[in-house]
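Open the model in a viewer and keep the selection panel at hand. The stops below go through some disulfides and then a pocket.

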Amino acid sequence: MKQNQSKSARVIQTLAAAAIALGITLAPRNANTYSHGTMEDPSIHPLLVDELMDFYGTAGKNSKLKADVEKLKQGSIDEDSPPYYIRSFNHFMDFETGEGIFGFASTSEWATSSELQSGDVLLDKLPPVLAKYYQKLGIEVTYPFGDHSWERVVESYKNSGTIGEDFGHVFHLISDMTVPAHVRNDPHWGEAPFLEKLTSGSYFQVSLWPTDSYEVWTDDNRNEIMPQVNPQNVPKFNTLEELMQDLAYFTGSNFYSDGEIISVLGLLASTNHSPVEDMYKIKEGKKVYFAKDIEGKEVRLLRKGILTSWTDDTCLADYWSVLGTKAIEYGAAALEILAKEEQTCSDKCSSGETKCSGDGWKLCGDYDGNGCVEWGDVINCDADEYCESGECVSGTPTCEDYDFQDCYGNEVWWFDSCGNPQEWIQSCDYGCNNGQCEGEVCTPDCSGKECGDDGCGNSCGGCGGGESCENGTCVGSSLEGLCEVCESDADCVEGMYCYYDDNTWKKACVPSCFGDTCPNEFSCGGMDLCVPYGGLICTSSTEASFANACGQLGMIRSQNCDPCDESECTNKSGSFCKDYSLCK
């Protein structure tokens, strides 16, 4: 029998406040983290790309739309901007207010704004401890991976009729709108080892940046759960903003995220949003669940405990069956929006023209029916023939290397005189035509620079430890202030940071190694700082101590440290070897 969980706001607020005051655990956490994945070991986002392409090929009205699936997958990976995940702060959108997290842009704003994606990273909006850490890392002023907004998706499609990396970025954002934590503005670190290290053992870790159980569970089970998505319909929307707002509201109004649950004595409340409505209790053996009917399916949302409720594996499987399916359906809806854009095409060749390619030749014609001509598929020559001047001839070919440049997909390559591709030259964001990239082409420029941005999102080089990059030049001394005793960063000169050595229990000023090199006898370590090397040294015939490259000594230990023969040791402390491995 359904039992409505709605209670008076006063009772809910009182019990919620009591739960916080008593320090009751809100939900169990999985210690693992959600991976952005790689092309070799894909996570949820690139795997969803495969499902989207399979579904859209049969359900989409414009199923002939051409897609570079590998680039789609790469875009879906890069949108998280590993390893420091700075783009991901724009991957949240409150389902009730439409706002982003920490004052960053909402997912919808970010996805549709070329200006935002090409703009500055607003580190001052982050919590102070996190902002300070990003500043130490020397994060570039602009966002990594550049502009992959919806504007770029449309522009690329109009020019080439193909979707690729840009749409992969946007589809990642659409998929994030099916994650409850992303639409309830519930921060979580995902796979960010540097952040886990930063917050380990502190209240900051527990209160602000836990992992998200739904993301962890989907990643842990990604290969097993993909066949469970069952897309049926392609929703209709006029704009991407409308699509994202609708999807965010569906997810947020029907599902809980970890940090949004407060449960005391069987009553449920949400910390920042209205509770999910129309839930009822069901019993399965000794287990009791809060469930809800969602689009004709009974979905178990939370498992009820004595003092707290949480999402167990059964709940998370139900979440995925609905939300994983929604990611595919709404991704297809975005492709339908794109298909409405008026495509402009250009001739890639002259109708009836032929050219050699590989072991055969190609004929120019209008093969996709869009009114423009392009090269057709390769027509192979016979075994005793080869292609010359666009036609098959008898004999053995003599191929001259690097004979001409031409398009190879959406890339420019060198070809030999027989039409075989030899060497990649550049990729084309807006399509390739007659051996040249169409539309805007970014040309890297590092002339006169030893560091900084090359104008295309890549680096012209890094500076040495302790140095900073100003207008393309490394400035500052890499050794000034090195190893000075400190209590905090304020005690160190600019470019140096106060490092605590667990082995010596002492602090010293050291430079950052993010994108840079470290001084001799230092190595890039925790917090991306240059850590002084260290080891045991003999200080007397019966004692040894840990010492680091700053000359700081740690706890004295009892050791049998006999004097070393002069021929065995050139680094001595008095008559004793400083290299403990040589002590007999």
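Start by selecting Cys-349 and Cys-364: the link between them is right-handed, with 90 degrees about the S-S bond. Cys-349 sits in the loop between α15 (313–339) and β9, while Cys-364 belongs to strand β10 (residues 360–365), and the two are 15 residues apart. The S to S distance in this disulfide is 1.9 Å. Keep in mind that the model is predicted.

Now colour the pair by accessibility. Cys-349 has 9% relative accessibility and therefore counts as buried, the cut-off being under 20%. Cys-364, at 3%, is buried as well.

How many disulfides does the structure hold? There are eight, and two more of them are visited here.

Next, select Cys-356 and Cys-387, joined by a disulfide with an S to S distance of 2.1 Å. Look along the S-S bond: its torsion is about -85 degrees, so this disulfide is left-handed. Cys-356 is in strand β9 and Cys-387 in strand β13 (residues 385–388), so the bond ties together parts that are 31 residues apart in sequence. Buried or exposed, what are Cys-356 and Cys-387? Both are buried.

Move on to Cys-407 and Cys-432, where the S to S distance is 2.0 Å. The torsion about the S-S bond of this pair is about -85 degrees, so the link is left-handed. Strand β15 holds Cys-407 and strand β18 holds Cys-432, so parts 25 residues apart in sequence are tied together. Cys-407 and Cys-432 are both buried.

Stay on Cys-432 and switch on the pocket display. Cys-432 is among the residues that lie nearest the centre of the second largest pocket. Add Lys-348, Glu-374, Trp-375 and Gly-409 to the selection to complete that central group. The whole lining comes to 40 residues, and the pocket has a volume of about 940 Å³.

To see which parts of the fold border the second largest pocket, select the elements that give two or more residues to its lining:

- α7 (150–160), the helix in this set
- β1 (66–67), β9 (354–357) and β11 (374–375)
- β15 (404–407), β16 (411–415) and β18 (432–433)

Strands β9, β15 and β18 were met at the earlier stops: β9 carries Cys-356, whereas β15 and β18 carry Cys-407 and Cys-432.

Finally, colour the lining by residue class. What does the lining of the second largest pocket divide into? It has 13 nonpolar, 15 polar and 12 charged residues.

As a last selection, pick Cys-315, which is buried with a relative accessible area of 0%.

Notes:
Residues numbered from 1 in each chain as written. Predicted model: local features only at pLDDT ≥ 70, side-chain atom pairs only at ≥ 80, totals over all residues. Heavy atoms only, no water. 1 Å grid on protein atoms, 1.4 Å probe; cavity = no way out; pocket = protein on both sides within 12 Å on 5 of 7 lines; lining within 4 Å. Points joined across faces, edges and corners; volume = space filled by probe spheres on them. Helix = DSSP H or I, 4+ residues; strand = E, 2+ residues; numbered from the N terminus. Nonpolar A, V, L, I, M, F, W, Y, C, P; charged D, E, K, R; others polar. Disulfide = S-S within 2.5 Å. Buried < 20%, exposed > 50% of the residue type's maximum accessible area, 1.4 Å probe, protein only.
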